[in-house]
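User: I should like to go through this structure by question and answer, from single residues up to the relation of the chains.
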Protein chains: 2
Amino acid sequence: MEEKPKDLATLGEFGLIRHLTENLVIKNAETILAVGDDAAVIAPAGMQVVVTTDLLTEGIHFDLIYTPLKHLGYKAVVVNLSDVYSMNAIPKQITVALAVSSKFTLEMIEELYAGIRLACDRYGVDLIGGDTSTSLTGMTISITALGYASADQLVYRNGARENDLICVTGDLGAAYLGLLLLEREKRVFANNPQVQPQFAGYDYPLERFLKPEAGRGLIEMLRSKGIKPTSMIDISDGLSSEILHICQQSQVGCRIYEDKLPIDMVSMKLAEEMNLVSTTAVMNGGEDYELLFTIAPEDYDKIKDEELISVIGHITNPEKGYYLITQGDAAVELKAQGWNHGA
Amino acid sequence: MEEKPKDLATLGEFGLIRHLTENLVIKNAETILAVGDDAAVIAPAGMQVVVTTDLLTEGIHFDLIYTPLKHLGYKAVVVNLSDVYSMNAIPKQITVALAVSSKFTLEMIEELYAGIRLACDRYGVDLIGGDTSTSLTGMTISITALGYASADQLVYRNGARENDLICVTGDLGAAYLGLLLLEREKRVFANNPQVQPQFAGYDYPLERFLKPEAGRGLIEMLRSKGIKPTSMIDISDGLSSEILHICQQSQVGCRIYEDKLPIDMVSMKLAEEMNLVSTTAVMNGGEDYELLFTIAPEDYDKIKDEELISVIGHITNPEKGYYLITQGDAAVELKAQGWNHGA
């Protein structure tokens, strides 16, 4: 064991990268060279490679007031792996570029990397490259993930066909409700630091927001059952926005049924406490990182008993538009929400 | 032609990415899918893939007072391509993740992307993915580059052997001197905004700093001559630091000869004006993005008449250490400089 380094200044940039990436064990045969040269080297061995990049900035994508750094590192990896799974590919490598201001200590960066490495271990992914540097203010994390699939395994957004079934994994809305709860307690704390936050009973939505998981389970299940989705996307911006991406790229319409939407009991209770219709959290909340996908009708029998999967609607011809059929049998046109509302 | 969008708010995130990446023509057979799905898709077709990531933050890596945004976009791409060439691989794809604060207008981001796309065109690289988001302050750019080579073409830092010749491309020190000039004129301007900057005659060092080029010429030449370097690295942190990386990873020593160092005449003159020994700019300046490499002695005849290449020294056994032999025949031990000085 080398002696524990004291601070960032004595460690230096190269020393920091070495320190953060020491004892890395390569997990995948496709990883030829990880950290230590001008670039990492991978050997795809006949597979196609999917590549995805995300950048998270402090104050916009995360709030360090209520986000533990280890969770942040874990989530930053998971959101990229989620994009790889949504192509029906298996993630095997990531690179991490990090910029931090002088307010961050070595211990804080170690915490962040502990989360990054935990996610890599859980998902069998190699950390193959890094860039660590300074910023004037705040923290920025940019992660690129690489994944593998054969050309005929890859699933795009544009393959949904009329009569296909629309499916999602897990339950939806919890992450958004967890975020609302964290924001509420932050405001309460700002007004009166003596008040303790009221999180009791809401572990599930909090964990869904702070430490989401990516869709490996589904991809493994689909492969074992010999099912290839006709289209797939991960739910980062809310179900409404994501199904519209699939419909527009596939040039089809859809019907989603409110009474089929999967919401867990704790989330329902929290939505009520927040005076929010839980369907709104599901349709427009986002950050669940569940997978939304379509399958051919003849595959229905293979998935109908799977707890992981809910069938929530079906694909129509494009003239029929994009609608949510409510429990009261009203047809509500779907619209994308969020920052994109003006587009 | 769609109507020219007015501003970032009406465009939205998806609209912005679409706008910045419209009319992209894919240049490489290895690029299967670029922007528009959860991830891009590449088909390496039996080659190994090199992957490198860099992150640039405003105020640390670039100063928008004197850096035109188009140059910044160009340079952000080039520094990544440089890492790919230094593996003796050919770059073919990049992803760009960008975060900007509200002080940036659409026109400014278009300028940045004009530089990114110009570099992609010049180097035959496809822009395959992007993430564009908001930051609280300043601009952050993270680029990942992918390049291709067969396993036996790849050149690492650890292959230098005793008696190998140490070579560099082009000339060194100019970029650092260009930076010093920009910083000097910035200070003068800050003290008295009436004074016009004094850049006349120094176009070359300024261009070397603001708009460097990557080492495609060398890689193509080496392939045409059937030479494979024994080790290679690009010069981003100064010659001294880079040759130490090669020596330490190859477990060898080196002798560099001051009178062999390639410096151009304008840079020499500027160094003099700055009261700087030009050898210091060469050894410790950095940002030249020339390639430093070693070749077996028997390859000398193949390169000795090439203007692009200077032979500046040779590799020794490790006991002989790392030394610069000055014009006065003194042996000065090489040390890494810069932020890493404490490591």
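User: In which loop of chain A is Glu287(A) found?

Analyst: The model discussed here is a predicted one. In chain A, helix H9 covers 278-284 and strand S10 covers 291-295. Glu287(A) is found in the loop between H9 and S10 of chain A.

User: Is Glu287(A) buried, exposed or partly exposed?

Analyst: A residue counts as buried with 20 or more other C-beta atoms within 10 Å of its own, and as exposed with 12 or fewer. Glu287(A) has 19 such atoms within 10 Å, so the class of Glu287(A) is partly exposed.

User: What is the approximate phi of Glu287(A)?

Analyst: Most residues other than glycine have a negative phi. Glu287(A) is not a glycine, yet its phi is positive, at about 70°.

User: Where does Asn163(B) lie, and what is its approximate phi?

Analyst: Asn163(B) lies in the loop between strand S6 (139-149) and strand S7 (165-169) of chain B. Asn163(B) is partly exposed, because 13 other C-beta atoms are within 10 Å. Although Asn163(B) is not a glycine, its phi is positive, at about 80°.

User: Which term describes the angle between H4(A) and H8(A)?

Analyst: Helix H4 (residues 174-191) and helix H8 (residues 265-273) of chain A have axes that come within 10 Å and cross at roughly 40°. Angles under 35 degrees count as roughly parallel, and 65 to 115 as roughly perpendicular. The pair H4(A) and H8(A) is therefore oblique.

User: Which residues of H8(A) meet H4(A), and how does the contact divide by class?

Analyst: The crossing of these two helices, H4(A) and H8(A), is left-handed. From H4(A), Ala174(A), Leu177(A) and Leu181(A) meet Ser267(A), Leu270(A) and Ala271(A) in H8(A). By class, the contact of H4(A) with H8(A) comprises five nonpolar, one polar and no charged residues.

User: In chain B, what is the handedness of the crossing of H4(B) and H8(B)?

Analyst: The axes of helix H4 (residues 174-191) and helix H8 (residues 265-273) of chain B come within 10 Å and cross at roughly 40°. That angle makes H4(B) oblique to H8(B). Where H4(B) passes H8(B), the crossing is left-handed.

User: Which kind of axis relates chain A and chain B?

Analyst: Two copies of a chain are related by a rotation about an axis and a shift along it. Here chain A can be laid on chain B with an RMSD of 0.0 Å by a turn of 180° and a shift of 0.0 Å along the axis. The two copies are thus related as by a two-fold rotation axis.

User: Which residue of chain A has the C-alpha nearest the axis?

Analyst: The turn that lays chain A on chain B is 180°. In chain A, the C-alpha nearest that axis is 2.9 Å from it and belongs to Gly46(A).

User: Which strand supplies the largest share of the side of chain A that touches chain B?

Analyst: The contact involves 56 residues of chain A and 56 residues of chain B. Several elements of chain A each supply at least two residues, among them helix H1 (8-21), helix H2 (69-85) and strand S3 (48-57). The largest share, nine residues, comes from S3(A).

User: How does the side of chain A that touches chain B divide by class, and why can the copies be said to meet through the same surface?

Analyst: That side of chain A has 27 nonpolar, 21 polar and eight charged residues. The copies meet through the same surface because the share of interface residues of chain A that are also interface residues in chain B is 100%.

Notes: Residues are numbered from 1 along each chain as its sequence is written. Chains are lettered from A and ligands numbered from 1 in the order in which they are written. This is a predicted model: local features need pLDDT of at least 70, side-chain atom pairs count only at pLDDT 80 or more; totals for chains, interfaces and linings use all residues. Helices (H or I, at least four residues) and strands (E, at least two) are DSSP runs, numbered from the N terminus. Axes are lines fitted to C-alpha atoms, for helices over the stretch in contact, and angles run from 0 to 180 degrees between N-to-C directions. Angles under 35 degrees count as roughly parallel, over 145 as roughly antiparallel, 65 to 115 as roughly perpendicular and the rest as oblique. A crossing is left-handed if the near helix is turned anticlockwise from the far one by less than a right angle, and right-handed if clockwise. Copies are superposed by least squares on the C-alpha atoms of residues with pLDDT of at least 70 in both. Two residues are in contact if their C-beta atoms, placed from the backbone, lie within 7 Å. Ala, Val, Leu, Ile, Met, Phe, Trp, Tyr, Cys and Pro count as nonpolar, Asp, Glu, Lys and Arg as charged, and the others, Gly among them, as polar.
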